[in-house]
Every structure is written in structure tokens, then in C-alpha cells.
Amino acid sequence: MVYSLATVVDLINTGAGERDGLAEVGDLEEFVRRREVSGVGAVTRRDLGEVRALREEFQAVFTAPDQPTAVGLLNTLLQRTRITPHLAEHDGHPLHVHYFAPGSSVAEHLAADCGVALAHVLVENERDRLRTCAAPDCSHVFVDESRNRSRVYCDSRTCGNRMHVAAYRARRRDAS
């Protein structure tokens with residue numbers, strides 16, 4: 001489940017930059033390779049369009065204003081998939097559960113596996129862990145896995161450090 005959550009975060013964040021991370025079929029092929037999405041054959045332009053649309057649906061779940069809205073959006077997404085749980089052990093990964101049906105498109109594969117992972121987050125009443133970076137110039141999403149739910153930046157080394165330096169400089173300016 002943790003891997004699928006990281007995959008959905010990575011998928012959403014392909015749309016959160018100056019350049020769309022899924023602009024071309026090659027970008028989707030790279031995403032599939034990088035995230036080790038198994039059971040996917042040749043990727044097509046149709047797959048690219050479907051995955052880009054799915055990315056927007058997952059973004060809406062992450063940024064939903066409340067739990068009922070997030071649940072409704074995720075249910076709609078999951079109802080379109082053929083969920084077929086099966087145990088798998090491949091590519092050096094330990095035994096795990098896949099939820100996509102054999103022969104699924106890459107979009108349906110991602111919708112099933114990532115959708116079920118998000119469903120577990122909602123069922124466990126942990127929706128507040130689905131966050132958008134607090135840096136004003138960043139729209140990346142992340143899952144706050146901190147014990148006290150205190151993480152506010154997608155990456156403490158980049159956005160977090162940049163915001164802390166800006167706050168420090170502002171305090172020094174105000175003190176002068």
C-alpha cells in the first residue's frame with residue numbers, strides 16, 4: 001500500500017511543474033519504468049490521455065474539501081475499474097497484493113492499485129495526511145507520514161529550506 005501511495009503522489013506531481021511530466025508517450029513509458037508498474041505492455045497515446053485524466057481525478061481526491069467529497073470522487077473512480085485482487089511476487093519485490101485485472105490498461109492498473117491504497121487512507125480516517133505543499137510557489141502533493149502529522153512541505157530540503165530561509169531573512173529585515 002505504501003508503494004501505491006508513493007506512486008499516486010508521483011503521478012499527481014507529474015502535473016505540478018513548469019513542464020507536464022506526462023507530455024509525451026515516452027514520459028509515460030519512463031513513469032511506468034520508474035514506478036515499476038508491472039504487467040504493462042506497449043504504451044500508446046490513448047494510454048497517455050487516460051493516465052493524464054486519471055491524474056486529474058486523483059488530484060481531486062487529494063484536494064477534496066472534506067471526507068464525503070473525497071469518498072464520492074474515489075468511489076466514482078473505483079467503480080470504473082475491474083478490481084481483481086491477486087498475490088504477486090516479482091522483480092525482487094516481496095509478496096504483495098495487486099488489485100488490477102490481468103490485461104488492464106496502464107490507466108486501469110493505476111486506478112485499481114492506487115485507488116485501493118487511497119481507499120485505505122480514507123477508511124482509516126487519515127485523509128488529513130493527504131497534503132499539498134505549503135510553499136506558495138509549489139503545488140506538489142505528498143502523504144504526511146510523520147508521527148505528529150506536522151509535515152507541511154513536499155520536501156524539507158527544497159521547499160522547506162527555501163521557506164525557512166525566506167522567513168529568517170524577513171525577520172532580520174524587520175529587526176533592522
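In this predicted model, Ser 139 is placed in the loop that joins strand 3 (130-132) to strand 4. Its relative accessibility is 40%, so Ser 139 counts as partly exposed. Leaving out residues up to four places away in sequence, Ser 139 touches Asn 13, Ala 16 and Thr 132. One of these partners, Asn 13, stands 126 residues from Ser 139 in sequence, yet the two C-alpha atoms are 7.9 Å apart in space.

Two other serines may be set beside this one. Ser 4 belongs to helix 1. With a relative accessibility of 17%, Ser 4 falls under the 20% limit and therefore counts as buried. Beyond residues up to four places away in sequence, Ser 4 touches Asp 113, Cys 114 and Ala 117. Ser 104, for its part, lies in the loop between strand 2 and helix 5. Ser 104 also counts as buried, because its relative accessibility is 9%. Its contacts, not counting residues up to four places away in sequence, are Arg 82 and His 109. Ile 83 is 21 residues from Ser 104 along the chain, and their C-alpha atoms are separated by 9.8 Å.

The overall architecture is considered next. The protein has 6 helices and 4 strands, and from the N terminus on these elements follow the order α-α-α-α-β-β-α-β-β-α. Along the principal axes, the C-alpha atoms fill a box of roughly 65 × 35 × 30 Å. The protein has 176 residues, of which 40% are buried. Among contacts with a separation of 6 or more, 50% are made by residues 24 or more positions apart.

Helix 2 shows how burial can be arranged within one element. Along this helix, which covers residues 25-34, the buried residues are Val 25, Asp 27, Leu 28, Phe 31 and Val 32. They lie on the same side of helix 2, because they cover an arc of only 155° around the axis. Against which helices do the buried residues of helix 2 pack? Their partners are helix 1 (2-13), helix 3 (45-62) and helix 5 (106-123). After helix 2 comes Glu 36, which has a positive phi, near 55°.

In soluble globular proteins, nonpolar side chains tend to be buried together. In this model, the largest nonpolar core has 35 residues. The residues with the most contacts inside this core are Leu 11, Leu 28, Val 51, Phe 58, Phe 62, Leu 110 and Leu 118. Two or more residues of the core come from each of helix 1, helix 2, helix 3, helix 4 (67-79), helix 5 and strand 4 (141-143). Helix 5 gives the most, with 9 residues. Leu 11 illustrates how distant parts of the sequence come together: aside from neighbours within four places in sequence, Leu 11 is in contact with Leu 22, Phe 31, Val 51, Leu 54, Arg 55, Phe 58 and Leu 110. Another core, apart from the largest, has 5 residues, including Cys 133, Cys 138, Tyr 153 and Cys 159.

The table describes the two largest pockets.

| Pocket | Volume | Lining by class | Largest share of lining |
|---|---|---|---|
| Largest pocket | about 410 Å³ | 10 nonpolar, 9 polar, 3 charged residues | helix 5, 7 residues |
| Second largest pocket | about 160 Å³ | 5 nonpolar, 2 polar, 4 charged residues | helix 3, 4 residues |

The largest pocket, with its volume of about 410 Å³, is lined by 22 residues, and those closest to its centre are Tyr 3, Ser 4, His 96, His 98 and Asp 113. The elements that supply two or more residues to this lining are helix 1, strand 2 (96-100) and helix 5. Ser 4 and Asp 113, both named here, also touch each other.

Which residues line the second largest pocket? They are Glu 50, Ala 53, Leu 54, Glu 57, Leu 77, Arg 80, Thr 81, Ser 105, Ala 107, Glu 108 and Ala 111. Two or more of these residues come from each of helix 3 and helix 5. Leu 54, listed in this lining, is also one of the contacts of Leu 11.

Definitions and conventions:
Residues numbered from 1 in each chain as written. Predicted model: local features only at pLDDT ≥ 70, side-chain atom pairs only at ≥ 80, totals over all residues. Heavy atoms only, no water. Buried < 20%, exposed > 50% of the residue type's maximum accessible area, 1.4 Å probe, protein only. Arc of directions from axis to C-beta. Contact = heavy atoms within 4.5 Å. 1 Å grid on protein atoms, 1.4 Å probe; cavity = no way out; pocket = protein on both sides within 12 Å on 5 of 7 lines; lining within 4 Å. Points joined across faces, edges and corners; volume = space filled by probe spheres on them. Nonpolar A, V, L, I, M, F, W, Y, C, P; charged D, E, K, R; others polar. Core = buried A, V, L, I, M, F, W, Y, C linked by side-chain atoms within 4.5 Å.
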